[in-house]
Amino acid sequence: MVIMTASTTFQPVLERIAEEIERTPGRGRPADYIPALAARDPRRFGMAVAEPDGTVYGVGDWREPFSAQSLTKVFTLALDLAREGDALWEHVGREPSGNPFNSLVQLEYENGIPRNPFINAGALVVTDRLHTRTGDASGELLAFLRTESGNPDLSFDEEVAASETAHGDRNAALGHFMASYGNIDNPVPVLLDEYFRQCSITASCADLALATSFLARHGVRADGTRLLTRSQAKQINAIMLTCGTYDAAGDFAYRVGLPGKSGVGGGIIAVVPGRCTLCVWSPGLDERGNSVAGMAALDRFTTLTGLSVF
């Protein structure tokens, strides 16, 4: 274990993890149901750690842009929660689903209220509510990510958005089903366009570790203004811990012990409140949609540093 002190940098830890990951034989498979992501090399690997003051450490492909996908759900949730507060929780729950991220099975007997904001149904509700309040949910999200990461070049990947639109029947079904219960405000085609553009944003590990830092700072943005109350930041971290890796959330909490959120682009973000934020990327996924190397890297990080919420 590396004892982390105020003067210790994360760089040696990251380099050790990268060396271990390089020797790992199985890396999973990219998300082949999104054709634009299927060609990614599963042996690519990058990892970044950002401290609350903006200092960033990285290793491997940590500056390589990749498709953020469901990582964006954390930021959309924060932006909407900042606007409407607890009223949001009348429309989406805070419980683990125990089912795959794109499942429809719980919606009918729970009256169109998704279990949590990180399964696709819940994320659609949050995006819908943010769009109602801003008129441009995906644009609001992109502006936030550009500001918090300090990278004005972040953008949508139109090829990925089009690919998801062409293969988005299940998300369309989720949207229409929830609309039938009155839990969607905007026309479903409009919502789907916003959602697919949101998921198509490309960013690097460095960008996303920095953008997530407001959760390590207990709701305070990079410029010192407050986005969330301390309690709201705690709420998002708690939901990340219990719901952020879909039906593998229990295993993630057991192995890693941090609030985290994964995406099928191969990224995972994680938070050590008050200390740092992390982003790891490797495109090869396990059967639950989580990066194989990313999970292993975060497991090693908390083991080597002793940093955990437990």
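This is a dialogue between a learner and a teacher on how to read several features of a predicted model.

Me: Let me begin with the sheet: what is the order of its three strands, and in which sense do they pair?

Reply: As a general idea, strands of a sheet pair through backbone hydrogen bonds, and the pairing is either parallel or antiparallel. In this predicted model, the three strands form an open sheet in the order 3-5-4, and the pairing is antiparallel. Strand 3 (66-67) and strand 4 (155-156) stand at the edges with a single partner strand each, so one side of each has no neighbour in the sheet. Between strand 3 and strand 5 (residues 201-203) there are two bridges, in the antiparallel sense, and Ser 67 is found opposite Thr 202 of strand 5.

Me: Which helix packs on this sheet, and which strands does that helix touch?

Reply: Helix 8 (residues 188-199) packs there, in contact with strand 3, strand 4 and strand 5, and its direction makes about 15° with that of strand 5.

Me: How should I read the crossing of helix 4 and helix 8, and which residues of the two helices meet?

Reply: One looks at the approach of the axes and then at the angle; here the axes of helix 4 (residues 120-134) and helix 8 come within 10 Å and cross at roughly 105°. The two helices are therefore roughly perpendicular to each other. On the side of helix 4 the residues are Asn 120, Ala 123, Leu 124, Thr 127, Asp 128 and His 131, and they meet Val 190, Leu 191, Leu 192, Glu 194, Tyr 195 and Gln 198 of helix 8.

Me: At what angle do helix 3 and helix 5 pack, and how far apart are their axes?

Reply: The angle is about 105°, and the axes of helix 3 and helix 5 are 10 Å apart, so that helix 3 and helix 5 are likewise roughly perpendicular to each other. The residues that meet are Thr 72, Phe 75, Thr 76, Leu 79 and Arg 83 from helix 3, with Glu 140, Leu 141, Phe 144 and Leu 145 from helix 5.

Me: How many aromatic pairs does the structure hold, and why is the pair of Phe 75 and Phe 144 called tilted?

Reply: There are eight aromatic pairs in the structure. The ring centres of Phe 75 and Phe 144 are 6.3 Å apart and the planes stand at 45°, so this pair is tilted. Because Phe 75 lies in helix 3 (residues 72-84) and Phe 144 in helix 5 (residues 137-149), the pair ties together parts that are 69 residues apart in sequence. Phe 75 and Phe 144 are both buried.

Me: What kind of aromatic pair do Phe 144 and Phe 214 form?

Reply: Phe 144 and Phe 214 form an edge-to-face pair, with 5.6 Å from centre to centre and 85° between the planes. Phe 144 belongs to helix 5 and Phe 214 to helix 10 (residues 213-216), so this pair ties together parts that are 70 residues apart in sequence. Phe 214 is buried, as is Phe 144. Elsewhere, ring pairs link Phe 10, Tyr 57 and Phe 301 into a cluster.

Me: Which rings have an arginine over them?

Reply: The charged end of Arg 63 sits over the ring of Trp 62, at 4.1 Å from the centre of that ring. Arg 197 lies over the face of Phe 156, and here the distance to the ring centre is 4.1 Å.

Me: What should I make of the sign of phi, and where does Gln 69 lie?

Reply: In general, most residues other than glycine have a negative phi. Gln 69 has a positive phi of about 50° although it is not a glycine, and its place is in the loop between strand 3 and helix 3. With a relative accessible area of 3%, Gln 69 is buried. Tyr 246, also not a glycine, has a positive phi of about 60°; Tyr 246 lies in the loop between helix 11 (230-243) and helix 12 (249-255), and is buried, with a relative accessible area of 4%.

Me: How far apart in space are Gly 54 and Ala 222?

Reply: Separation in sequence and separation in space are read as two quantities. Gly 54 and Ala 222 are 168 residues apart in sequence and 7.9 Å apart in space, C-alpha to C-alpha. Gly 54 is in the loop between strand 1 (46-50) and strand 2 (56-60), and is partly exposed, with a relative accessible area of 36%. Asp 193, found in helix 8, is 184 residues from Thr 9 in sequence and 42 Å from Thr 9 in space, C-alpha to C-alpha.

Note on methods:
Residues are numbered from 1 along each chain as its sequence is written. This is a predicted model: local features need pLDDT of at least 70, side-chain atom pairs count only at pLDDT 80 or more; totals for chains, interfaces and linings use all residues. Side-chain values use heavy atoms; hydrogens and water are left out. Two strands pair if DSSP finds at least two bridges between them. Helices (H or I, at least four residues) and strands (E, at least two) are DSSP runs, numbered from the N terminus. Contact means heavy atoms within 4.5 Å. Axes are lines fitted to C-alpha atoms, for helices over the stretch in contact, and angles run from 0 to 180 degrees between N-to-C directions. Rings of Phe, Tyr and Trp (its six-membered ring) pair if their centres lie within 6.5 Å; planes under 30 degrees apart count as stacked, over 60 as edge-to-face and the rest as tilted. Buried means under 20% relative accessible area, exposed over 50%, partly exposed in between (1.4 Å probe, protein chains only). A charge sits over a ring if NZ of Lys or CZ of Arg is within 6 Å of the ring centre and within 35 degrees of the ring normal. Angles under 35 degrees count as roughly parallel, over 145 as roughly antiparallel, 65 to 115 as roughly perpendicular and the rest as oblique.
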